[in-house]
Amino acid sequence: MVDIFKKSLVNGNGRLTLAYQELTEVPPNVVKNYAAATRELDLSFNKISELRSLEGFYSINTLILDNNDIKSHVKFPPLPNLHTLWINRNRISNLTVFIENIAREFPKLTYLSMMNNSAAPSYFNGGSYQQYTDYRYYVISQLPDLTMLDDKPVDAEERYEAEKIYKPRSTVRKSKSKKKQASSKKTRKKRTSSKADMPAEEDNQEGEEES
């Protein structure tokens, strides 16, 4: 099996295929020997639910995870060069949690396909047109460089509508940061005020004792 992987990488295409291997993770020896040279990693049709073994694949730009057991709260390692993620037919049910995770760890993501997950409603899995549209608007608003979602391109008009309805992730982060700063300032003011009051109380006590 390893000889097949080596041949693929030596040919210079940087594609490593581990599909249909009934894997629950990427084998450590594969990570050690091939991760640095891999640019496209295909892990489709396995039994993967955890992705910690991807930490060594820091140079990949394409990740295929179709037909696995991945859920919404899965933890991805940071993959700064990843631009394409296929994660169709998994067990993703919470869209907000999942999108926040990939937006943080894959800052250059341009192509996302997550069809046939319950978090991605469409005609094919019983979702209404309104649910499908809302799903697209939310995902597009949170991934600023996205140009393709599932099987449909993202155009300027759709992005404009998406960002009117949902705050882009950068805006949300700035808002949270401002709230934290305001809260921190209030706390410092309270502490300063308390310290300023203490000497006055001590002076009053000394005056009472002298009298």
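## Buried or exposed

A residue counts as buried when its relative accessible area is under 20%. Asparagine 88 has a relative accessibility of 5%, so this residue is buried. The model described here is a predicted one.

## The chain as a whole

The chain has 211 residues, and 40% of them are buried. Its secondary structure consists of 6 helices and 7 strands. From start to end, these elements run α-β-α-β-β-β-α-β-α-β-β-α-α.

Contacts also reach across the sequence. Take the contacts with a separation of 6 or more: 49% of them join residues 24 or more positions apart.

## Asparagine 88 and its surroundings

Asparagine 88 sits in a loop. Strand S4 (84-86) comes before that loop, and helix H3 (95-105) follows it. A polar atom of the asparagine 88 side chain lies 3.3 Å from the backbone nitrogen of methionine 114.

Which residues does asparagine 88 contact, beyond its neighbours within four places in sequence? They are Leu65, Asp66, Asn67, Ser113, Met114, Met115 and Asn117.

Isoleucine 87 has its own set of contacts, again leaving out residues up to four places away in sequence. Leu65, Asp66, Ser113, Met114 and Asn117 are among them. Isoleucine 87 also touches Ile70, Phe76, Ile92, Phe98 and Leu112.

## The nonpolar core

The largest nonpolar core contains 47 residues. Leu63, Leu85, Ile87, Ile102, Leu112 and Met114 have the most contacts inside it. Three helices each give two or more residues to this core: H2 (28-34), H3 and H4 (129-142). H4 supplies the largest share, with 6 residues.

## Helix H3

Asparagine 94 caps the N-terminal end of H3. One of its side-chain oxygens lies 3.3 Å from the backbone nitrogen of threonine 96.

The buried residues of H3 are Leu95, Phe98, Ile99, Asn101, Ile102, Ala103 and Glu105. An α-helix has 3.6 residues a turn, so residues three or four places apart point the same way. Ile102, buried in H3, is also one of the core residues with the most contacts.

## The largest pocket

How much space lies in the largest pocket? The volume is about 240 Å³. Its lining is made up of 14 residues. Pro121, Ser122, Tyr123, Phe124 and Tyr132 lie nearest the centre of the pocket.

By class, the lining holds 8 nonpolar residues, 4 polar residues and 2 charged residues.

Methods: Residues numbered from 1 in each chain as written. Predicted model: local features only at pLDDT ≥ 70, side-chain atom pairs only at ≥ 80, totals over all residues. Heavy atoms only, no water. Helix = DSSP H or I, 4+ residues; strand = E, 2+ residues; numbered from the N terminus. Buried < 20%, exposed > 50% of the residue type's maximum accessible area, 1.4 Å probe, protein only. Polar contact = N/O pair within 3.5 Å; in protein donor to acceptor, adjacent residues only side chain to side chain. Contact = heavy atoms within 4.5 Å. 1 Å grid on protein atoms, 1.4 Å probe; cavity = no way out; pocket = protein on both sides within 12 Å on 5 of 7 lines; lining within 4 Å. Points joined across faces, edges and corners; volume = space filled by probe spheres on them. Nonpolar A, V, L, I, M, F, W, Y, C, P; charged D, E, K, R; others polar. Core = buried A, V, L, I, M, F, W, Y, C linked by side-chain atoms within 4.5 Å.
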